[in-house]
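Q: Please take a close look at a single part of this structure, one strand and its surroundings, and explain how it is enclosed.

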Amino acid sequence: MNKTPDVSIIMAVFNGEEFIEDSIKSVLKQTFKNFEFIIVDDGSIDNSLKIIKSYQAIDSRIKIITQKNNGLAKSLNVGIKNSKGKYIARIDADDLCYECRLEKQYM
């Protein structure tokens, strides 16, 4: 994507392998397409990072930031500081979003 994203979706994850794949899929299925998806891996020791990288390989909107475990708030702030979108949308690693979430929120 060459165009600056309208929305930056920020997710922080720590050992979320049980749910992260479904959460990522729900973001990538959005009807609103002009977004970047910043995922901050907060020092996971499970397969979370491997799962995230597998989706990054098929969708260039995913940006991965890895760091030692700093907690949710600090991880989200890191994601926000690295965002390029005009708006920020949050999702947790164990959440799902409706396909039209961003479209409705952006309007």
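A: Leaving aside neighbours within four places in sequence, Q67 is in contact (heavy atoms within 4.5 Å) with V40, D41, D42, G43, S75 and V78. Q67 belongs to strand β3, strands being DSSP E runs of at least two residues and helices H or I runs of at least four, numbered from the N terminus. At 16% relative accessibility Q67 counts as buried, a word that stands for under 20% relative accessible area, with exposed over 50% and partly exposed in between (1.4 Å probe, protein chains only).

The model is predicted, so local features need pLDDT of at least 70 and side-chain atom pairs count only at pLDDT 80 or more, while totals for chains, interfaces and linings use all residues. Residues are numbered from 1 along each chain as its sequence is written, and side-chain values use heavy atoms, with hydrogens and water left out.

The part to follow closely is strand β1, residues 7–13, in which seven of the seven residues are buried, so the strand is largely enclosed by the rest of the structure. This holds for both of its faces, since V7, I9, M11 and V13 on one side are buried, as are S8, I10 and A12 on the other.

On the pairing side (at least two DSSP bridges between two strands), β1 and β2, residues 35–42, run parallel over seven bridges, with I9 opposite F37. Four further bridges join β1 in parallel to β4, residues 87–90, where Y87 is the bridge partner of V7. Together with helix α1, residues 20–28, β1 and β2 form a right-handed β-α-β unit; right-handed here means that, with the strands pointing away from the viewer, the path from the first strand over the helix to the second runs clockwise.

I9 and F37 return in the largest nonpolar core (buried Ala, Val, Leu, Ile, Met, Phe, Trp, Tyr and Cys joined through side-chain atoms within 4.5 Å), which has 21 residues, and in which I9, I20, I24, F37, I39 and I62 touch the most other members. The elements giving two or more residues to this core are β1, α1, β2 and α2. Apart from it lies another core, of six residues, including I10 and A12.

Helix α2, residues 48–56, has S48, I51, I52 and Y55 buried; these fall within an arc of 100° seen down its axis (directions from the axis to the C-beta atoms), so they line one face of the helix. Among the elements covering those buried residues is β1.
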